[in-house]
Amino acid sequence: MELSEYERAEPAHLGWTDAGDVRIVWKDAHESVYPLAYLRENCPCASCRGTHGPPTTLVRQSRGGLPIVQKTRPPSMEVKTVVPVGNYAIRFTWGDGHDGGIYSWRLLRSLCPTTGSRPDHLATAPEA
Ligand SMILES: [Zn+2]
């Protein structure tokens, strides 16, 4: 994906899917859906980047190749609040109190799971 494709990315709509995933419709009409675990795994804050992501049970288990079906999310995969940061980003407060990550529109667009840069453990997940 070319940088220019998302460097001016702005959302036209920000909301939730029925499954509880974050859904963004961009001004160029591209639609992105982000599972919360995926967003948490890609938390851009210094402490998460320094440890290659939060040491959550879900992340560890999902690396084994077997899809994990959980009826309830661990607290670190729940979102308590989402607040705007200026007009360029949003900040999640997770169920475990972690709120260090600021997700800029540009970051979110670059993380979009549907534009070809999808991580293997998501790409191989079966349809629910
Ligand atoms: Zn973090």
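In what sense do β1 and strand β2 pair, and over how many bridges? The pairing is antiparallel and runs over five bridges, with β2 covering residues 22–26. This and everything below refers to a predicted model.

Two residue pairs locate the register of these strands. L14 lies opposite I24 of β2, and W16 has V22 of β2 as its bridge partner. The hairpin that β1 and β2 form has five residues between the strands, and in this hairpin G20 adopts a positive phi near 90°.

The hairpin belongs to a wider arrangement. β1, β2 and β3 make up an open sheet of three strands, in the order β1-β2-β3 and with antiparallel pairing. β1 (11–16) and β3 (31–34) each have a single partner strand and stand at the edges, so one side of each lacks a neighbour in the sheet. On average, neighbouring strands of this sheet are turned by 15° against each other, with direction ignored. The edge strand β1 is also hardly covered: of its six residues, the number that are buried is zero.

The sheet can be placed within the whole chain. The protein chain contains five helices and six strands. Read from the N terminus, its elements follow the sequence β-β-β-α-α-α-β-β-β-α-α. The chain has 128 residues, of which 19% are buried. Among its contacts with a separation of 6 or more, 35% are between residues 24 or more positions apart.

The next topic is the nonpolar core. In soluble globular proteins, nonpolar side chains tend to be buried together. Here the largest nonpolar core has 16 residues, and those touching the most other members are V22, Y34, L36, L39 and L108. At least two residues of this core come from each of β2, α1 (36–41), β5 (89–94) and α4 (105–111). The element that gives the most is α1, with four residues.

Which residues does L39 touch, once those up to four places away in sequence are left out? They are V22, Y34 and F92. Two of the names met here recur from above: V22 is the bridge partner of W16, and both V22 and Y34 are listed with L39 among the core residues that touch the most other members. V22 therefore appears in the account of the sheet, as a residue of β2 paired with β1, and in the account of the core, where β2 is one of the elements supplying at least two residues.

Terms used. Residues numbered from 1 in each chain as written. Predicted model: local features only at pLDDT ≥ 70, side-chain atom pairs only at ≥ 80, totals over all residues. Pairing = 2+ DSSP bridges. Axes fitted to C-alpha atoms, helices over the stretch in contact; angles between N-to-C directions. Buried ≥ 20, exposed ≤ 12 C-beta atoms within 10 Å, placed from the backbone. Contact = placed C-beta atoms within 7 Å. Core = buried A, V, L, I, M, F, W, Y, C linked by C-beta atoms within 7 Å.
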